[in-house]
Protein chains: 4
Amino acid sequence: VLCCQIETRTGETNATGHIDHTVIPAWFEQARTPIYRLFNPELSFANWNTVIKKIEVDYVSQIYYGRRTEVRSTIAEIRNTSFTIRQELWQDDKLTASGRVILVHFDYQAGQKTPIPPSIRSRLQTLMP
Amino acid sequence: VLCCQIETRTGETNATGHIDHTVIPAWFEQARTPIYRLFNPELSFANWNTVIKKIEVDYVSQIYYGRRTEVRSTIAEIRNTSFTIRQELWQDDKLTASGRVILVHFDYQAGQKTPIPPSIRSRLQTLMP
Amino acid sequence: VLCCQIETRTGETNATGHIDHTVIPAWFEQARTPIYRLFNPELSFANWNTVIKKIEVDYVSQIYYGRRTEVRSTIAEIRNTSFTIRQELWQDDKLTASGRVILVHFDYQAGQKTPIPPSIRSRLQTLMP
Amino acid sequence: VLCCQIETRTGETNATGHIDHTVIPAWFEQARTPIYRLFNPELSFANWNTVIKKIEVDYVSQIYYGRRTEVRSTIAEIRNTSFTIRQELWQDDKLTASGRVILVHFDYQAGQKTPIPPSIRSRLQTLMP
């Protein structure tokens with residue numbers, strides 16, 4: 001399991017008093033940094049080589065500002081050119097949201113999706129539950 | 001179909017040159033304002049009575065800054081206490097993303113979900129395809 | 001005076017019930033689009049040629065979600081390579097914030113600031129109060 | 001000096017390849033958390049008792065995604081009901097932005113500004129350079 005601590009921000013709350021639902025995809029994105037690094041060790045935008053195909057977020061319970069906040073990510077599935085990450089948001093040991101994102105390995109020069117190399121595939125496999 | 005024009009912002013792009021994927025849930029939220037108004041005509045936060053249960057976004061093609069941008073929303077399903085909105089993002093007559101959101105009618109005082117009143121239900125039905 | 005209507009977003013509020021102060025610089029940026037267009041008619045990022053040198057925002061009174069919101073911009077000063085825009089935020093005919101931004105005309109290829117061309121200068125002058 | 005490490009996010013970049021200028025006020029806000037805690041130890045929104053009166057940001061050099069990023073805050077001035085924080089943004093030991101924010105101690109119940117209590121004042125003084 002890949003764990004990422006999140007520092008909540010006051011501006012991420014909304015007038016109902018909780019974290020705005022649109023913030024969770026950004027926290028999940030931040031938690032995927034080590035996975036992007038597998039594909040692009042320098043995190044160079046010029047060499048970016050993954051594309052987000054789909055996101056899903058289930059909101060389980062209220063999400064609060066100022067709590068100990070952690071995103072836990074695992075790899076749910078690996079296909080030829082794409083893979084699925086399952087992500088959970090935990091606050092003070094309570095599950096508050098979960099989601100999935102499908103990422104495609106993409107060759108921007110060729111303009112097409114491309115198989116996930118074996119070396120990356122085996123690294124992703126270590127993150128399967 | 002409920003249509004909402006979006007004004008793209010430079011800060012919504014990212015270093016790959018396109019609109020960041022985390023922005024689309026915020027655009028979809030903005031496009032739901034008329035639907036929130038059915039439940040809460042003054043859009044008063046003190047009387048907010050819907051909860052987002054789940055969002056899904058499929059990214060279909062690149063989303064650009066500065067293009068004519070429209071979100072088109074329809075009601076996909078109405079259940080007893082919840083309903084599903086299908087939303088599409090169009091730029092210059094091209095579908096660039098689509099999504100679904102499940103909203104629950106919620107009584108914050110009682111702390112529980114509550115049936116959608118018939119008057120709102122019939123208004124939602126006019127937005128079914 | 002250059003006027004720009006802003007559509008407030010629920011996610012721009014924070015838990016104190018008002019628009020978060022960090023949102024105002026983004027609204028002011030959006031209101032500067034016609035000014036950026038003078039320098040870069042296609043708003044092409046590859047040809048972007050202004051740099052933000054400084055921003056200032058004075059928060060005058062509470063800023064609310066859902067109100068009729070307008071940013072009014074005028075040119076306060078034009079120098080050789082830079083100019084200052086004064087911006088005001090109005091909600092329902094009340095001034096809620098004001099600010100200034102200093103922009104520098106920049107040649108990214110040469111990596112240095114460069115004089116504002118006379119044709120743009122004269123367009124900017126029409127926006128002086 | 002109060003130091004706060006910032007985790008940069010991909011969505012905080014823009015299409016010019018750098019961090020969008022509107023993000024810096026949010027980073028500076030995050031870095032002020034320990035100062036808000038002096039006024040409101042639980043960071044409770046119901047008891048929030050400071051108001052942002054003014055912000056200023058000077059952009060000194062390009063701000064990049066993925067670099068070691070730190071905000072350094074000191075107290076520049078303490079008056080009867082308000083005080084000024086000076087903040088600097090450092091990336092890899094280079095100053096990339098600096099700013100000032102004026103905060104007012106505010107009694108929301110009475111609807112007016114109120115003197116900074118001596119106990120908080122002396123804590124703020126320890127952050128003066």
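I started with the C/A interface: chain C and chain A bury about 490 Å² between them, with 53% of that on carbon and sulfur atoms. Note to self: this is a predicted model.

Next I asked who pays for that area on the chain C side. C:Gly11, C:Thr13 and C:Ala15 lose the most area to chain A, and together they make up 61% of what that side buries.

Then I looked at the make-up of the contact. Chain C puts in seven residues and chain A puts in seven residues. On the side of chain C that touches chain A, I get one nonpolar residue, five polar and one charged.

How many salt bridges are there between chain C and chain A? I found zero. For polar contacts between chain C and chain A, my tally is four residue pairs, both residues at pLDDT 80 or more.

On to symmetry. A turn of 180° with a shift of 0.0 Å along the axis lays chain C on chain A, at an RMSD of 0.0 Å. That is how a two-fold axis relates its copies. Both copies use the same surface, as 100% of the contact residues of chain C recur in chain A.

Which residue of chain C comes closest to the rotation axis? I noted C:Asn14, whose C-alpha is at 1.9 Å.

Last stop was chain B. Helix α1 of chain B covers residues 24-31, and eight of the eight are buried, so the helix is largely enclosed by the rest of the structure. The buried residues of α1(B) include the aromatics B:Trp27 and B:Phe28, and also B:Glu29 and B:Gln30. B:Ile24, B:Pro25, B:Ala26 and B:Ala31 are buried as well.

Key: Residues are numbered from 1 along each chain as its sequence is written. Chains are lettered from A and ligands numbered from 1 in the order in which they are written. This is a predicted model: local features need pLDDT of at least 70, side-chain atom pairs count only at pLDDT 80 or more; totals for chains, interfaces and linings use all residues. Side-chain values use heavy atoms; hydrogens and water are left out. Copies are superposed by least squares on the C-alpha atoms of residues with pLDDT of at least 70 in both. Contact means heavy atoms within 4.5 Å. Buried means under 20% relative accessible area, exposed over 50%, partly exposed in between (1.4 Å probe, protein chains only). Helices (H or I, at least four residues) and strands (E, at least two) are DSSP runs, numbered from the N terminus. Buried area is the accessible area (1.4 Å probe) that two parts lose on being put together, summed over both. A salt bridge is a side-chain nitrogen of Lys or Arg within 4 Å of a carboxyl oxygen of Asp or Glu. A polar contact is a pair of N or O atoms within 3.5 Å; within protein, one must be able to donate a hydrogen and the other to accept it, and residues adjacent in sequence count only if both atoms are side-chain atoms. Ala, Val, Leu, Ile, Met, Phe, Trp, Tyr, Cys and Pro count as nonpolar, Asp, Glu, Lys and Arg as charged, and the others, Gly among them, as polar.
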